[in-house]
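Got your viewer ready? Load the model and follow along, selecting as you go.

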Amino acid sequence: MTVGICAAVPVGPVLILVLQKTLMRGRWAGTVAGIGSALVDTLYAAVGLYALTMLGDFIARETPYILLFGGILVCLLGVMIFLKDASAGLDSVESHYTMAGYAVQTAGCALSNPAAVAVMMAILSVFKLDAQSLTVPVWAVLVFVFLGEMLYWFCLSEAVGKFMRVRPRTLKIFSKICGAAIAAFGIVLIVKGIISLI
């Protein structure tokens, strides 16, 4: 569970998305949004437990392209959020998205960030976790990695939903800031990808 919590803590597009969904649609929307990230991190943990060296070689070889395409996706997501009208009322904001759509958005952000793989592998290394040395089934470890990350997103969404109240004007400003911040993360990834190719 500690591995899952540690994987969720770093500040990035996923955190911004979860905060935005929580403020705009409520605590459960933020928690559901976190599911996408938790599923992707659990996948990274599974791959890390079984094939740390093989994945490391692949990531090292394909990093520039992962950064470029991932950066473009993250940047587009940020622009879409920035252009949305969040002042039209909470009921109409992103009304065409289902709760599952929120999870898909965060999963897309997590998948497009190659740094998340490195973070997960570093955490697994710190705790000396690999498939061969485990004394419990691998699936049990993965379940608790998922539960640990979901515990973090649940507590964060509950705290933000309970203690933060926003007016429509504040919500509009926050949405613009979120969109710009996510787009900025995407631009950074694109620049890193270009630099890696040169």
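Start by selecting M1, which is partly exposed because its relative accessible area is 41%, between the 20% and 50% cut-offs. This is a predicted model, by the way. M1 sits in the segment before α1, the helix spanning 2–8.

Keep M1 selected and add W139, V143, F144, L147 and L151. Together with M1, these residues make up a nonpolar patch on the surface. The accessible area of the whole group comes to about 590 Å².

Next stop: α2, residues 13–25. From first C-alpha to last, this 13-residue helix reaches 18 Å, close to the 18 Å expected at 1.5 Å a residue. Now switch on a surface. Is α2 mostly covered or mostly open? Mostly covered: 11 of its 13 residues are buried. Try picking out a few of them, including P13, L15, I16 and L17; Q20, K21 and T22 are also among the buried ones.

Step just past the end of α2 and you land on G26, where phi is positive, near 110 degrees.

Now for a side-chain contact. Select R27 and E158 and show their side chains: they meet in a salt bridge, at 3.2 Å from N to O. The pair ties together distant parts of the chain, with R27 in helix α3 (residues 27–83) and E158 in helix α6 (residues 138–163), 131 residues apart. The count for the model is one salt bridge.

How accessible are the two partners? R27 is partly exposed, at 31% relative accessibility, and E158 is partly exposed too, with a relative accessible area of 24%.

Notes. Residues numbered from 1 in each chain as written. Predicted model: local features only at pLDDT ≥ 70, side-chain atom pairs only at ≥ 80, totals over all residues. Heavy atoms only, no water. Patch = residues over 30% accessible without salt bridge, like charges linked within 9 Å, V, L, I, M, F, W, Y side chains within 5 Å. Areas by Shrake-Rupley, 256 points an atom, 1.4 Å probe, with all protein chains shown as cover. Salt bridge = Lys/Arg side-chain N within 4 Å of Asp/Glu carboxyl O. Helix = DSSP H or I, 4+ residues; strand = E, 2+ residues; numbered from the N terminus. Buried < 20%, exposed > 50% of the residue type's maximum accessible area, 1.4 Å probe, protein only. Expected span 1.5 Å × (residues − 1).
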